Amino acid sequence: MNAQEHQFLRADRKELQRILSRIPEECVLERISFEARLKEVEEELKRFPQMKRQPVRSTLTFRGAPVVGSRGVVADFATKAAGQFVNVLVTCAASLHQALSPTGPIPDRDKYQMLVTGTAVGSFGFVLEEYMPAAELDLDLNPPLLEALEKTGRLLEAAISPSDEELIEAIDDTDPGVVEKLHDFCETLQKYSASCAFSVGERIFKQTSDAEVRRCVERLSRDAIQEMEAGFDGAFIGYLPQRRIFEFRTRQDEIFWGKVDSTFEDPQSIENSLNQPRHIIVRARRVGQAKPRYWLKSVAPV
């Protein structure tokens, strides 16, 4: 059995348990087939209890003025930069499961901690490893810290790229706090005339020059990525409930689409009010010349 098959069985078990929880105990005949299948799944899983994934790992290295060959790195810089990088990952991982408050502590921060387990060979840096007891390393094929590393890599690449469309695509569905913390990390690199590289599996994301570091700082700044609330009068002309995407035609006959914000409590009301006059409030995100992205915050009759 490979990891994917093992995860499928675990998902199957969870679904069967959910179904059975909704069928009263006295409905014996209705439960019998689900209980038999659940027993089969559990027996099969018992045969492979040892299957655990490896902790998420990444190598973070630095180049530039603070690095003294393979001898070492200026402690002030290394402490601050490595801490800020881990903070980007923790914030990103936490934001994958819940909307984050603009202020205050990161919820469940302890779930996403990383250890420094060694120094990197070549350019000076650190080997980082997910801090998780072995017993809790369940077979999740998409652990949050791995997703956070991949997302951070895509953000860095998009910030280096001159394309506004690529950048707004990369920050789509990214918590603003993640972008802000990645900006702060790059600002520290720029201050110390340094650059970074980090690994995600076999892939390496890196900055290759001071100019790329400077570009990251500029393009991830609040001046470059603007967020604001805006209001429109018009009508919804479409809604995809599974993807939470709406389409809206303004009174000026302009059509745009956006996503329903996670704080919007009654998405079904959108489908029920198609082609009826409405005033909507959206959160708009703009990057240079790219088309803005919208998130629906509230709706009111006109």
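Two strands count as paired here if DSSP finds at least two bridges between them. I start with that because most of what I show is strand pairing. The model is a predicted one.

Take strand β6, residues 194-200, and its partner β7. The two pair in the antiparallel sense, over four bridges. One point to find on screen is Ser 199, which stands opposite Ile 204 in β7.

That pair belongs to an open sheet of five strands. Read across, the order is β4-β5-β1-β6-β7, and the pairing is antiparallel. The edges are β4, residues 114-119, and β7, residues 203-206, and each of these pairs on one side only. From one strand to the next the twist averages 25°. Helix α3 packs on this sheet, where it touches β1 (57-64), β4, β5 (125-130) and β6. The direction of α3 makes about 140° with that of β1.

Now the other side of the order, around β5. Antiparallel pairing joins β4 and β5 over five bridges, with Leu 115 opposite Glu 129 in β5. Between β1 and β5 there are also five bridges, and these strands run antiparallel. There, Thr 61 stands opposite Gly 125 in β5.

How many of the six residues of β5 are buried? Five are, so the strand is largely enclosed by the rest of the structure. The cut-off for buried is under 20% relative accessible area.

Back to β6 for one residue, Ser 195, which has its place in that strand. Is Ser 195 buried or exposed? Its relative accessible area is 8%, and buried means under 20%, so Ser 195 is buried. What does Ser 195 touch, leaving out residues up to four places away in sequence? The contacts are Thr 61, Phe 62, Arg 63, Leu 189, Gln 207 and Val 213. Thr 61 came up a moment ago, as the residue opposite Gly 125 in β5.

Next slide, the barrel. Five strands form a closed barrel that runs β8-β9-β10-β12-β11, and its pairing is mixed. The twist averages 55° from one strand to the next. Within the barrel, β11 and β12 run antiparallel and are joined by eight bridges. To locate this pair, look at Ile 281, whose bridge partner in β12 is Ser 298. Helix α5, residues 164-171, packs on the barrel sheet and touches β8, β11 and β12. Its direction makes about 120° with that of β11.

Last item, the largest pocket. The space in it comes to about 1,300 Å³. Its lining has 42 residues, and the closest to the centre are Thr 174, Asp 175, Pro 176, Gly 177 and Arg 285. Which elements give two or more residues to that lining? They are α3 (75-95), α6 (176-191), β8 (225-240), β10 (255-260), β11 (278-287) and β12 (293-301). Helix α6 gives the most, with seven residues. By type, the lining divides into 14 nonpolar, 13 polar and 15 charged residues.

To tie the slides together: α3, the helix that packs on the open sheet, is among the elements that line the pocket. From the barrel, the strands β8, β10, β11 and β12 are on that list too.

Definitions and conventions
Residues numbered from 1 in each chain as written. Predicted model: local features only at pLDDT ≥ 70, side-chain atom pairs only at ≥ 80, totals over all residues. Heavy atoms only, no water. 1 Å grid on protein atoms, 1.4 Å probe; cavity = no way out; pocket = protein on both sides within 12 Å on 5 of 7 lines; lining within 4 Å. Points joined across faces, edges and corners; volume = space filled by probe spheres on them. Nonpolar A, V, L, I, M, F, W, Y, C, P; charged D, E, K, R; others polar. Axes fitted to C-alpha atoms, helices over the stretch in contact; angles between N-to-C directions. Contact = heavy atoms within 4.5 Å. Buried < 20%, exposed > 50% of the residue type's maximum accessible area, 1.4 Å probe, protein only.
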